[in-house]
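The following exercises concern contacts, strand pairing, burial and charge pairing. Each task is followed by a solution in steps.

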Amino acid sequence: MSRKEVFAVAQMGPVHLHDTKAQVVARLVEMLREAHSHGARWVTFPELALTTFFPRYIYDNPEEYDVFFEEGLPSLAMLPLFEEAKALGIGFYLGYAEKLEEGGRTRRFNTSVLVGPDGAILGKYRKIHLPGTKDPIGDREFEHLEKRYFEVGDLGFPAFKTPSGRFGMCICNDRRWPETFRVMALRGAEVFMLGYNTPTRNIHHPEPAHLREFHNRLSLKSAAYQNGAWVMAAAKCGSEDGFAMIGGSAIVAPTGEVVARAVSEDDEVIAYNCDLDLGAYIRRSVFDFARHRRIEHYGPITAQTGIEVTE
Ligand code: CDT
């Protein structure tokens with residue numbers, strides 16, 4: 001039986017501070033319909049898809065930044081997307097800012113949800129590798145304050161069972177860390193879905209703008225090949241209120257080849273008929289984990305974070 005399935009990636013152009021969530025969700029619904037016209041069964045949307053990338057701004061009080069967060073699943077704002085996806089029989093990944101009350105305190109995460117083609121919520125992932133700082137650096141044209149607004153994710157890197165196989169989720173900066181994908185692959189993930197908001201300018205270290213896209217693609221391709229898995233990567237991009245972010249949304253095959261790529265920095269749907277068995281030969285040969293991994297030598301991966309020199 002063929003395991004071919006059409007996957008779509010829905011890249012988003014800018015979302016400005018003054019855009020309402022209703023306007024943004026209408027754009028997502030429009031792209032969902034376009035994905036459906038391509039025969040897609042699954043769509044990947046970006047990180048923090050419902051709002052502008054607000055961690056670039058400095059807010060001190062929750063009353064100022066809670067407007068960017070969602071409570072409950074689906075939240076009121078998300079409802080039209082959930083309803084249309086269920087009506088069309090399309091599953092999706094959606095990134096959003098999650099707020100919840102737990103153990104007598106308010107918690108906030110940078111989260112993604114995986115919804116099945118029948119509308120069932122299959123799982124949730126909370127971003128683990130939060131980039132940037134808690135306190136403003138100052139002296140920059142924008143900040144990157146994810147550590148200020150979000151807790152580190154507490155759900156690990158699961159591989160969720162779906163009608164099309166096991167899928168893993170991660171979010172933006174997670175894609176730069178090989179550990180992210182290897183853990184999901186060890187749990188059986190054959191498809192990695194991720195959304196991102198990557199500023200064109202690196203405020204932490206000046207580097208040529210072209211490297212931002214180069215490192216994005218490098219990370220996606222190596223994640224795919226080294227784990228024999230498909231990668232669905234959706235950018236939010238373009239100039240949000242004057243702050244530029246890279247595009248380059250892509251679908252990458254388990255061979256490490258980019259099979260579809262967005263060309264704009266705007267709302268754009270790309271789709272590809274993916275053979276979910278394509279990675280099987282890679283996982284049976286060069287990356288047969290059970291035969292070739294040497295965990296007795298991997299201790300430092302989980303025992304330490306920074307570099308430790310022993311002599
Ligand atoms: N959203 C996000 O995680 N962006 C980061 C920016 C890194 S520079 C602080 C990324 O890895 O693309």
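Two residues are in contact when they have heavy atoms within 4.5 Å of each other. The model is predicted, so local features need pLDDT of at least 70 and side-chain atom pairs count only at pLDDT 80 or more, whereas totals for chains, interfaces and linings use all residues. Residues are numbered from 1 along each chain as its sequence is written, and side-chain values use heavy atoms, with hydrogens and water left out.

**Exercise 1. Two loop residues**

Task: Determine which residues Ala-77 touches, not counting residues up to four places away in sequence, and which residues Pro-74 is in contact with when its neighbours within four places are left aside.

Solution.
Step 1. Locate the residues. Ala-77 belongs to the loop between strand 3 and helix 3, and Pro-74 is placed in the loop between strand 3 and helix 3. Helices (H or I, at least four residues) and strands (E, at least two) are DSSP runs, numbered from the N terminus.
Step 2. List the contacts. Ala-77 touches Lys-21, Val-25 and Glu-70; Pro-74 is in contact with Leu-79 and Phe-82.
Step 3. Add the distances. The C-alpha atoms of Ala-77 and Gln-23 are separated by 9.9 Å, with their positions 54 residues apart along the chain. For Pro-74 and Glu-102, 28 residues apart along the chain, the C-alpha separation is 18 Å.
Step 4. Assess accessibility. Pro-74 counts as partly exposed because its relative accessibility is 31%; buried means under 20% relative accessible area, exposed over 50%, and partly exposed in between (1.4 Å probe, protein chains only).

**Exercise 2. The surroundings of strand 4**

Task: Establish which strands strand 4 pairs with, and in which sense, parallel or antiparallel.

Solution.
Step 1. Apply the criterion: two strands pair if DSSP finds at least two bridges between them.
Step 2. Take the parallel partners. Strand 2 (residues 42–44) is joined to strand 4 by three bridges, with Thr-44 opposite Tyr-93. Strand 3 (residues 69–70) pairs with strand 4 over two bridges, also in the parallel sense, and Glu-70 has Glu-98 as its bridge partner.
Step 3. Follow the connection. From strand 3 the chain passes through helix 3 (residues 79–88) to strand 4 in a right-handed β-α-β crossover; with the strands pointing away from the viewer, the path from the first strand over the helix to the second runs clockwise.
Step 4. Take the antiparallel partner. Strand 5 (residues 105–115) is joined to strand 4 by 11 bridges, and Leu-100 stands opposite Arg-107. The hairpin of strand 4 and strand 5 has two residues between the strands, and its Gly-103 takes a positive phi near 55°.
Step 5. Conclude on burial. Strand 4 (residues 91–102) is largely enclosed by the rest of the structure, because 10 of its 12 residues are buried.

**Exercise 3. The buried face of helix 5**

Task: Identify which residues of helix 5 are buried and where around the axis they fall.

Solution.
Step 1. The buried residues in helix 5 (residues 178–186) include Thr-180, Phe-181, Met-184 and Ala-185.
Step 2. Viewed down the helix 5 axis, the buried residues fall within an arc of 120°, so they line one face of the helix; the arc is that of the directions from the helix axis to the C-beta atoms.
Step 3. Among the elements covering these residues are strand 8 (165–171), strand 9 (191–196) and helix 6 (209–227).
Step 4. Just after helix 5, Gly-188 takes a positive phi of about 100°.

**Exercise 4. Buried salt bridges**

Task: Find which residues form salt bridges with Glu-240 and Glu-98, and state whether the residues involved are buried or exposed.

Solution.
Step 1. Use the criterion: a side-chain nitrogen of Lys or Arg within 4 Å of a carboxyl oxygen of Asp or Glu. The whole structure holds 27 salt bridges.
Step 2. Glu-240 pairs with Arg-56 at 2.7 Å, N to O. Glu-240 lies in strand 11 (residues 238–240) and Arg-56 in the loop between strand 2 and helix 2, 184 residues apart. Glu-240 is buried at 0% relative accessible area, and Arg-56 is buried at 4%.
Step 3. Glu-98 pairs with Arg-126 at 2.9 Å, N to O. Arg-126 is in strand 6 (residues 121–126) and Glu-98 in strand 4. Arg-126 is buried at 5%, as is Glu-98 at 4%.
Step 4. Salt bridges with shared partners join Glu-98 and Arg-126 into one network whose members include Glu-102, Arg-105 and Asp-154.
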